[in-house]
Amino acid sequence: MKHVLKIMALLVAISAFWIGLLETSVVPRSYTWLLAIYLIVSLGCYGLLMVGIGLMLFPTCPQEAVLLQKDIAEAKEFLKNKGVDVGSD
Amino acid sequence: MGEDNNKENKYSIIIPTYNERLNIALIIYLVFKHLKDVDFEVIVVDDGSPDGTQDVVKQLQQVYGEDRILLRARPRKLGLGTAYYHGLKHASGEFVIIMDADLSHHPKYLPSFIRKQKETGANIVTGTRYVRNGGVHGWNLMRKLTSRGANVLAQTLLWPGVSDLTGSFRLYERCVLEDVINSCVSKGYVFQMEMIVRASRKGYHIEEVPITFVDRVYGSSKLGGSEIVEYLKGLLYLLFTT
């Protein structure tokens, strides 16, 4: 099944459940749009939270740049001795 | 130790290049350094680089052997997706590894890709920069923010099952790559996303290994407004067609 259909199916199921609650007066009519608003706001907050956490915990590797420079020097040395042109960038 | 080492697998490493005269030499040295006991070949797909990249590759062939380094050039810049496709046609290994030529992907991770695949029998092993033992160096705060935002959006919309969607350091089982690449139509990094999402949808077994990514292309504003628009369009395309 296409992925977007899965998402639609999920939304339809949630809507059906909510409409059921409205129809049987478990939830008052004035609350009709509350679910939609609540879901959208929750999704937005979740997204922002994930971005914020991800940003705080973003893995960095400054030591890799140093190691890379060492590797580059080693490579240049070897290749120069073998006649490969490593002079220019 | 229970591993089936009698069946020696061959790995074809496809490296698309454009004006990477120095980097291709460094990369090939490092590949040979880190894959000492592995049966592999390197396929350089050069898009007619004017800086003499192909001359350097020919020199490297003299050092390492023309059977280990294959130069399969093209007349001009024809795009990344087609570069992989072109390289794949000349690949003789059971497994294909794709990586960038600019040294942002370090060959020292190649053994971990291979090991992960052997351990898990995965169809695809993809490198991820966004986990604990991975990482990125050379990105400022804005760049990290965009990356993180893009990733969260893609995760929410697509549920892809991998943590790094736009990464291009990957190991594919040969037949799997052939299957997936034929169903992808996007360009650039959206192409990388499409590859991994389609593979995920097709039910292929995908594993991840941490990699570090050193971005040496300082000051190149690779993330302008148009890139962001392209990305969003790509996301929507993947949302509705996968």
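Contact here means heavy atoms within 4.5 Å, and the legends below describe close-up views of a predicted model.

**View 1. The surroundings of B:Ile24 in helix H1 of chain B.** Leaving aside neighbours within four places in sequence, B:Ile24 is in contact with B:Ile15, B:Thr17, B:Val44, B:Thr53, B:Val56, B:Val57, B:Leu60 and B:Ala101. B:Ile24 has a relative accessible area of 0% and is therefore buried. The C-alpha atoms of B:Ile24 and B:Asp100 are separated by 9.6 Å, although these two residues are 76 residues apart along the chain.

**View 2. Strand S1 of chain B, residues 10-17, and its pairing with strand S2 of chain B, residues 39-46.** The two strands run in the parallel sense and are joined over eight bridges, with B:Ile15 of S1(B) standing opposite B:Val44 in S2(B). Both of these residues are also among the contacts of B:Ile24. S1(B) is mostly covered, since eight of its eight residues are buried. From this strand B:Lys10, B:Ser12, B:Ile14 and B:Pro16 point one way, while B:Tyr11, B:Ile13, B:Ile15 and B:Thr17 point the other way, and the residues of both groups are all buried.

**View 3. The buried residues of helix H4 of chain B.** In this helix B:Leu110, B:Ser112, B:Phe113, B:Ile114 and B:Gln117 are buried. The buried residues of H4(B) pack against several elements of chain B, namely the strands S1, S4, S5 (124-128), S7 and S8 (206-210), together with helix H1 (21-34). Just after H4(B), B:Gly121 takes a positive phi of about 65°.

**View 4. Two residues other than glycine with positive phi, B:Leu103 and B:Trp159.** Most residues other than glycine have a negative phi. B:Leu103, with a phi near 70°, lies in the loop between strand S4 (95-98) and helix H4 (110-120) of chain B, and its relative accessibility of 1% is the reason why B:Leu103 counts as buried. B:Trp159, with a phi of about 45°, lies in the loop between helix H5 (141-158) and strand S7 (170-173) of chain B. With a relative accessible area of 44%, B:Trp159 is partly exposed.

**View 5. The interface between chain A and chain B, seen through its buried area.** The size of an interface is often given as the accessible area lost when the parts come together. Between chain A and chain B the buried area is about 3400 Å², and carbon and sulfur atoms give 71% of that area. Within chain A, the residues that lose the most area to chain B are A:His3, A:Phe58 and A:Leu68, which together account for 18% of what that side buries. The contact takes 34 residues from chain A and 45 residues from chain B.

**View 6. Polar and charged pairs between chain A and chain B, and the elements of chain A that meet chain B.** Across this interface 14 residue pairs are in polar contact, counting pairs in which both residues are at pLDDT 80 or more. The elements that give two or more residues to the side of chain A touching chain B are the helices H1 (3-23), H2 (34-56) and H3 (62-81) of chain A, and H3(A) supplies the largest share, 12 residues. By class, that side of chain A has 20 nonpolar, six polar and eight charged residues. The count of salt bridges between the two chains is four; in one salt bridge, the side chains of A:Glu74 and B:Lys33 meet at 3.0 Å, N to O.

Definitions and conventions. Residues are numbered from 1 along each chain as its sequence is written. Chains are lettered from A and ligands numbered from 1 in the order in which they are written. Side-chain values use heavy atoms; hydrogens and water are left out. Buried area is the accessible area (1.4 Å probe) that two parts lose on being put together, summed over both. A polar contact is a pair of N or O atoms within 3.5 Å; within protein, one must be able to donate a hydrogen and the other to accept it, and residues adjacent in sequence count only if both atoms are side-chain atoms. Helices (H or I, at least four residues) and strands (E, at least two) are DSSP runs, numbered from the N terminus. Ala, Val, Leu, Ile, Met, Phe, Trp, Tyr, Cys and Pro count as nonpolar, Asp, Glu, Lys and Arg as charged, and the others, Gly among them, as polar. Buried means under 20% relative accessible area, exposed over 50%, partly exposed in between (1.4 Å probe, protein chains only). Two strands pair if DSSP finds at least two bridges between them.
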